[in-house]
Amino acid sequence: MLKIGPYTIENPVILAPMAGVTDRPFRQLCLDMGAGMAVSEMVTSNSKLWNTRKSRLRMDHSGEHEPRSVQIAGSEPVQMAEAARANQERGAQIIDINMGCPAKKVCNKASGSALMKEPELVRQILQTVVAAVDIPVTLKIRTGWSPEQKNALDIARMAQDSGIQALSIHGRTRQCMYKGEAEYDTIRTVCEAIDIPVIANGDITTPEKAKQVFELTGADAVMVGRAAQGRPWIFREINHYLKQGEKLPEPAAEEVQQILLGHLSALYEFYGEHQGVRIARKHVGWYLQAKPSGSGLKKQFNSLESAETQQNCILEYFQSFLETNTTRHSETSLESAAQDRGKGKDIAA
């Protein structure tokens, strides 16, 4: 179990914050599928942008599972403190500080992982934000700015001294972006050096990998990001494997259809039909990327302009998929029976 302030998180598998992905509908879906906690998309610390539609939606936590963790991004300590207070007033129960995002548009503003090049500024931000709220503050970082400039251990010690109550580490530097393989030695070193909970992040794509990362790092929890896109059931798969030591079967097509249609309905309700239809396109692409005829359906789906036509498209696809599988199963059974008869077996026995 993971403990952050007064919150005990029983399932030690966390949904990573991802801009443009971990909106409220997706967070709620992943929590329903077994995520122990889901961190919001990053909210800017610039109060001038809080009245935009995007920011208002990102700061909407009504009806969400607890604990509600909201990530804030910026580089000005006072602004960050104001953002922390504002999000607490809007329902945040944990404030997460973003020092891990590698995107150029974030780093060019000296935010995200660019802050790791400025340790004294990091210290000011951490201390100011922690002092500004009476809820737990957590921090997400990378291993450093570049392979030659790894300072995760120094930042981790600074975070603990500043009152940060949990630390997430992505096993890559900012320069690495998402290329190559994540490394976990740095995360293990941090886990051995500090007392606050550490959450390991990076390339956790299967239940087996999750267990391996726990064993390699000694982390208190793991964080799943891109692997949850189109596969929100990965959280229950990891939880089951960690507890039972066995893999769950892939969800049946009927369940995937139900999950996907429920996700679409939540998007339409949250964003309104016009915007929901457009946001649904990327999610459907992730759900179908490994499915037969998935690429063809994605092209068709992306041309649809209404919630009704999108839902009908998904229903028709799964109906066709299920019918094809049923036919194949029947043909296989008949072929097997014919082979048994040819061998003189009593198939009625």
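Of the 349 residues of the protein, 53% count as buried, where buried means under 20% relative accessible area, exposed means over 50%, and partly exposed lies in between (1.4 Å probe, protein chains only). The model is a predicted one, in which local features need pLDDT of at least 70 and side-chain atom pairs count only at pLDDT 80 or more, while totals for chains, interfaces and linings use all residues. Residues are numbered from 1 along each chain as its sequence is written, and side-chain values use heavy atoms, with hydrogens and water left out.

The secondary structure comes to 13 helices and 13 strands; these are DSSP runs numbered from the N terminus, helices being H or I with at least four residues and strands being E with at least two. Contact is taken to mean heavy atoms within 4.5 Å. Among contacts between residues at least 6 apart in sequence, 67% join residues at least 24 apart.

A good place to start is helix H1, which spans residues 24-32. Because 7 of its 9 residues are buried, H1 is largely enclosed by the rest of the structure. The buried residues are Arg24, Pro25, Phe26, Arg27, Leu29, Cys30 and Leu31. Their packing partners are two strands, E3 (13-15) and E4 (37-38), together with the helices H9, H10 (253-271) and H11 (273-288).

Helix pairs come next. Two packed helices are described by the angle between their axes and the distance between the axes. Here the axes are lines fitted to C-alpha atoms, for helices over the stretch in contact, and angles run from 0 to 180 degrees between N-to-C directions. Angles under 35 degrees count as roughly parallel, over 145 as roughly antiparallel, 65 to 115 as roughly perpendicular and the rest as oblique. A crossing is right-handed if the near helix is turned clockwise from the far one by less than a right angle, and left-handed if anticlockwise.

Helix H9 (residues 234-244), already met as a partner of H1, also packs with helix H8 (residues 207-217), at an angle of about 55° and with the axes 8 Å apart. That angle makes H8 oblique to H9, and the crossing is right-handed. On the H8 side the contact is made by Pro207, Glu208, Ala210, Lys211 and Phe214, and on the H9 side by Glu237, Ile238, Tyr241 and Leu242. Sorted by class, this contact has 6 nonpolar, no polar and 3 charged residues; Ala, Val, Leu, Ile, Met, Phe, Trp, Tyr, Cys and Pro count as nonpolar, Asp, Glu, Lys and Arg as charged, and the others, Gly among them, as polar.

In a second pair, the axes of helix H5 (residues 119-132) and H6 come within 9 Å and cross at roughly 25°. H5 is therefore roughly parallel to H6, and this crossing, too, is right-handed. Pro119, Val122, Arg123, Leu126, Gln127 and Val130 of H5 meet Ile155, Met158, Ala159 and Ser162 of H6. By class, the contact has 7 nonpolar, 2 polar and 1 charged residues.

Helix H6 (residues 152-162) also holds Gln160, which counts as partly exposed because its relative accessibility is 24%. Leaving aside neighbours within four places in sequence, Gln160 is in contact with Ile194, Asp195 and Ile196. Gln160 and Thr138 are 22 residues apart in sequence, and their C-alpha atoms are 9.8 Å apart in space. In strand E9 (residues 144-146) sits Ser146, buried with a relative accessible area of 2%. With neighbours within four places again left aside, Ser146 is in contact with Thr173 and Gln175.

Several loops deserve a look as well. The loop between strand E7 (94-99) and helix H4 (104-107) contains Cys101, which the UniProt record, an unreviewed entry, annotates as "active site". UniProt positions are given in the numbering used here, feature names are shortened, and annotations may be inferred rather than shown by experiment. At 16% relative accessibility, Cys101 counts as buried.

Backbone geometry picks out further loop residues. Glu66 and Pro67 are joined by a cis peptide bond, with omega about -5°; Pro67 lies between helix H2 (53-58) and strand E6 (69-73). Met177, a residue other than glycine, has a positive phi near 55°. Its loop runs between strand E11 (167-170) and helix H7 (185-193), and its relative accessible area of 27% makes Met177 partly exposed. Asp203 is not a glycine either, yet has a positive phi of about 65°. Asp203 is placed in the loop between strand E12 (198-201) and H8 and is partly exposed, at 22% relative accessible area.
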